[in-house]
Structures are given as structure tokens and as C-alpha cells.
Amino acid sequence: MLFSSITFLYIFLPCVLAVYFAVPKKLKNSVLLLSGLLFYAWGEPKYVFLMIFVIVFNYVCGLFIGKYRTKSVAKIFLIIGIAADFLTLAYFKYANFFVENFNAVFGTEIPLLNVVLPVGISFYTFQIAGYIIDVYKGKAEVQKNIISLGAYTVMFPQLVAGPIVRYTDINKALTARTHTIEKAASGLRRFIIGLSKKVIIANSFGELCRIFGDSGDKSIAYYWLYAISFTLQIYYDFSGYSDMAIGLGKIFGFDFPENFNFPYISRSVTEFWRRWHRSLGSWFRDYLYIPLGGSRTTKFRHIRNILVVWLATGLWHGAAWNFLIWGLYFGILLIIEKVWLYRHLEKSSVLSRVYLMFLVIIGFVIFNAGSMSELLEYFGAMFGLTDIPFISDECIYYLKSYIVLIIIGGVGATPLPGKIASRLSERRIMTCAEPVVLCILFIVCTSFLIDNSFNPFLYFRF
């Protein structure tokens, strides 16, 4: 089930909210648990049992880790828990990738496994693994109420696409949280803004990318138009979903971590990854990069640590070579910046931003490539290594059709709209105008969803 669907907006969410606020405080986590399982079962009914197993297994591991925290037996249960979590992830997400490449290298014909990737498995695996690690390290108290742990794991606002919420971020709220009209109103506002980013802007860019893919009149400029459009699509798609998740969290009394901070205004790749998908970056930093030694080691090991983390980041996004190349690409860029380039980027605000956006656009072309041959085709076309024309009639037509949206998308990816809204909010008229604007946006989103069947969500595949 998508947040940006009529079923969710007009049936599922109103019903869950009605039940959630009707039941007494002690049953609210139960409502979150059951609604999360129902939300997941809507699209993945058979994998609900896998999720229940993951919750129960990690709950038991957490109890033993908490009980024997100062003894070696705690480490044994930590290893068992982490191994089970990541072997499960590896089986569903990477088994066929391994078989395909094994067959290619050794000329064997091992049949592929009949495995379908459970939606959101990468997100909830990281969350539950982080929980038992934090219990082992003493950063979190063991959760003895399996309903509360289950609610944390399957809470539908962030279940299938993040942000990756740490247990330590919301453990207190799982036990006691307050619900206020002001917080719910703030959450609703954030949700509608995120919905608008996703439905109105991201889907429109996605439609242009689809048109490009089906086109038989490609040109160099058309390839670049596609690359820019996808770069804007994935930002509004994922940041919009994060906004919706954070907004829903507030309505239910939780404060989820921010996941984006205007990454496209960055002046370096290093800064970009401090602003993009922050919850994933912080997870890898705390649970992989720092345990490997981080930057407090020799230069060789520091470089090794960066490469390991970014290969893991690429692999986390998908079981395909383009994701591994994408991770390696950004890992190498980060190493170059740390060793030499970073200090030079500070000298020019304009050039550093052009440098960053060029590299990010190239990175997302790698990210979205369907195969290695497609990736080579795209790069060859973008850099004039093929015999296609510089620009085509179809490219001119769609550039004229989408230029306003591209400008809006570019400006909207900066803090400028927020600053304007903040200044306007100081005026008394905005007290009445804001709810009207939000209602209009919600109605427009509904119209888009009714009229347009093109409504993908890019991060569901992870």
C-alpha cells in the first residue's frame, strides 16, 4: 500500500486514526502493531509471518543480551541475532544475484531461487539489528514488552521506506508520549507537503523519465534532460515520503529523525551525504564505519573503511552491479575530497555547487541503470560518443513542456520556499490562509491520483 493512494488516504488512515485515538493509552501500541501488520499484509501477505518471526527472534535475543549483559553469553546472542537478521536479508535480497554471477563465472546452470524480495526488508532489518546492538552496548534498555518492540519494528509510517528510526530515538515515546492538537496539526501539515512533493512533482518527473525510456527520437540533450529529471524525481519522491512518514509520526506522538536537509545545495560530495538519507548514513557510520576504526587509524585503513562502507551502501540499495558501482563511485569521490580536493572546494561557492550537481547527476544515472549495457549506452550518449544528434524535436517539445516544472523543482530543492513561508507566517493573514492552501493541495493530490495511474515509489524496491 502506498501513502500516495486513495485506499490509504481515504480508508486505511482514517480508520486507524479513529481506532488509535478511541482506545485507552495502554492499547495504543497494540493498534500500531496490528495496523502495521495489516499495512504490510496489504501488499505482502505471506511475508507478514517473516516479519513476526523477526520480531519474536530479536525480542528473545534482546532479553538474553539484557540479562547477561556483562558476560560473554550476551555477545553470543548478539552474534546469533545479527547473523539471523542479515542472513535473512541476504537470502531474500542477494541469493539470486549470487547465483546469477556464479553461473556467469563458472558456466554452471544453477536455477534461480523462487524468491520475491519482501518490501522494506532492508529498512526494518537495519532497525531491529540496531536495537539489539544498542542493548548490547548499553545504549538502550532491553524492551521486555513484545507489543512495544513489535510496534517499533512495524510502525507503518516508516515501515517500508524509512527513515531508519533508531530504537533509542523513540524508546521513551513507546512507553509514554503526549498527543496534542498542535503536534497533530504540525504532523498533518508535514504529511500534506510530503504528499504534494511526491504526487505533484515527483510523479510528473517520473512520467517524463518514462516517456524518455519509450522514445525512439533520442538525442544528447534528451539524455541530459532525463538525467536531470530523474535526479529531481528521486529527491522529491524519497524526501516527500520521508516528510509523510515524519508527519504521520507526529500525529501518533513520535518524533522521527529528519532524513533530508536540502542536499542539492551542497558544495561537496562529503556535505551532500551529510544531507541526503541521513538516517542511513548515520546507521552505517555508527554500526560499521566507527567499529572498523573510522578516521582514527592509519591513512590506508581509513581509505579501506570508506570503501567498505560505500560498497555496503551500494549493496544495501540493491543486488545489482550498478548499485555496487554507484557505491564505489561515491566512495572514491569521498576519498579524493578527504585526501586533496575538499579544501579547494571552499574557494568558490558557485563552482563547488556546479561540481557537486554534475557528480550527483552522473551518480543517479548509474543508480537507475537497468543493466551494465544500458549504463554504457547512457554515458556514451550523454558525452557525445554515439552518432545521435545533439537535440531532437521530441526533446525540444518536452523541454518546453517541462521547463516550468524543472525550475520549480530546482528552486523547491533549496531552503528558499521555506524562508518565504516562514516570513509569511509572521503575518496574521497566514493563520487563515495556510489551512486553505493545505486543503487545496490535498484536493489537487487527490485529483492527480484519480486521473493518473502512474504512481511509483522508487525506494519500495529496497
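**Exercise 1. Find how much space lies in the largest pocket of this predicted model, and describe its lining.**

Solution.
- Step 1: start with the volume. The largest pocket holds about 1300 Å³ of space.
- Step 2: look towards the centre. The lining is made of 39 residues, and Arg-189, Ile-193, Pro-417, Gly-418 and Ala-421 are the closest to the centre of this pocket.
- Step 3: trace the lining back to the helices. At least two residues each come from helix 8 (181-214), helix 9 (220-251), helix 16 (393-412), helix 17 (416-425) and helix 18 (429-451). Helix 8 gives the largest share, with 8 residues.
- Step 4: sort the lining by class. You should arrive at 19 nonpolar, 12 polar and 8 charged residues.

**Exercise 2. Now do the same for the second largest pocket: which elements line it, and which residues lie nearest its centre?**

Solution.
- Step 1: the volume here is about 550 Å³.
- Step 2: among the 21 lining residues, those nearest the centre are Trp-273, Arg-274, Gly-281, Arg-285 and Trp-310.
- Step 3: two or more lining residues are given by each of helix 10 (269-275), helix 11 (278-292), helix 12 (299-317) and helix 13 (321-345). With 7 residues, helix 11 makes the largest contribution to the lining of the second largest pocket.
- Step 4: by class, this lining has 10 nonpolar, 7 polar and 4 charged residues.

**Exercise 3. Is Asn-305 buried or exposed? Work out what it touches, too.**

Solution.
- Step 1: place the residue. Asn-305 sits in helix 12.
- Step 2: check the accessible area. The relative value for Asn-305 is 0%, and the cut-off for buried is under 20%. Asn-305 is therefore buried.
- Step 3: look for a polar partner. The side chains of Asn-305 and Arg-304 are joined by a polar contact of 2.7 Å.
- Step 4: list the neighbours. Leaving aside residues up to four places away in sequence, Asn-305 touches Tyr-289, Leu-292, Gly-293, Gly-294 and Thr-297.

**Exercise 4. Which backbone atom does the side chain of Gln-127 reach? Describe the surroundings of this residue as well.**

Solution.
- Step 1: Gln-127 belongs to helix 5 (residues 121-137).
- Step 2: Gln-127 counts as buried because its relative accessible area is 2%.
- Step 3: the side chain of Gln-127 reaches the backbone nitrogen of Val-165 at 2.9 Å.
- Step 4: Val-165 is also one of the residues that Gln-127 touches, along with Tyr-152, Thr-153, Gln-158, Pro-163 and Ile-164, when residues up to four places away in sequence are not counted.

Methods:
Residues numbered from 1 in each chain as written. Predicted model: local features only at pLDDT ≥ 70, side-chain atom pairs only at ≥ 80, totals over all residues. Heavy atoms only, no water. 1 Å grid on protein atoms, 1.4 Å probe; cavity = no way out; pocket = protein on both sides within 12 Å on 5 of 7 lines; lining within 4 Å. Points joined across faces, edges and corners; volume = space filled by probe spheres on them. Helix = DSSP H or I, 4+ residues; strand = E, 2+ residues; numbered from the N terminus. Nonpolar A, V, L, I, M, F, W, Y, C, P; charged D, E, K, R; others polar. Buried < 20%, exposed > 50% of the residue type's maximum accessible area, 1.4 Å probe, protein only. Polar contact = N/O pair within 3.5 Å; in protein donor to acceptor, adjacent residues only side chain to side chain. Contact = heavy atoms within 4.5 Å.
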